[in-house]
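Open the model in your viewer and keep the sequence panel in sight. The stops below can be selected one after another.

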Amino acid sequence: MFDAQKVDSAGFDPDTTWRLHPQVALRPEPFGALLYHFGTRKLSFLKNTTIVEIVESLHQHPSVRAALAAHGIDESAARPYLRALATLADSHMIVPA
């Protein structure tokens with residue numbers, strides 16, 4: 001099972017529902033997407049379309065794990081996605097729903 005502490009994000013819980021922060025705009029790009037937080041003025045890059053689809057659908061699932069499963073990401077392949085989502089949580093690009 002995934003341990004959120006191992007990705008240096010004590011506040012990120014993949015067993016809960018998350019969503020884009022209301023002040024974040026997501027702009028699709030050929031490589032993935034750009035995220036811009038209008039409150040903090042931070043810019044983040046999503047480097048593949050799978051993570052973009054996951055981020056866009058987070059609010060539709062009861063947990064991050066459920067969102068990953070809905071996109072065909074099983075537990076054995078989840079670590080890079082969970083790490084990326086934890087980083088987005090740390091930078092307030094995604095927030096608990």
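Start with β3 (32-37), where five of the six residues are buried (under 20% relative accessible area, 1.4 Å probe, protein chains only). Strands here are DSSP runs of E with at least two residues, helices runs of H or I with at least four, both numbered from the N terminus. The model is predicted, so local features need pLDDT of at least 70 and side-chain atom pairs pLDDT 80 or more, while totals for chains, interfaces and linings use all residues. Residues are numbered from 1 along each chain as its sequence is written, and side-chain values use heavy atoms, without hydrogens and water.

Add β2 (residues 24-29), which is antiparallel to β3 over six bridges; strands count as paired if DSSP finds at least two bridges between them. Select Pro-28 and find Ala-33 of β3 opposite. A two-residue hairpin connects β2 and β3.

Now show β4 (43-46), joined to β3 in the antiparallel sense by four bridges. Tyr-36 has Leu-43 of β4 as its bridge partner. Five residues lie between β3 and β4 in their hairpin, and Arg-41 there has a positive phi near 65°.

Move to helix α3 (residues 79-90): its end C-alpha atoms are 16 Å apart, in agreement with the 16 Å expected for 12 residues at 1.5 Å a residue, the expected span being 1.5 Å times one less than the number of residues. Select Tyr-81, Leu-82, Leu-85, Ala-86, Leu-88 and Ala-89, which are buried. They lie on the same side of α3, because their arc around the axis is only 160°, taken from the directions from the helix axis to the C-beta atoms. Among the elements covering them are β3, β4 and α1 (49-57). End at His-92, after α3, with a positive phi near 65°.

Key: Buried means under 20% relative accessible area, exposed over 50%, partly exposed in between (1.4 Å probe, protein chains only). Contact means heavy atoms within 4.5 Å.
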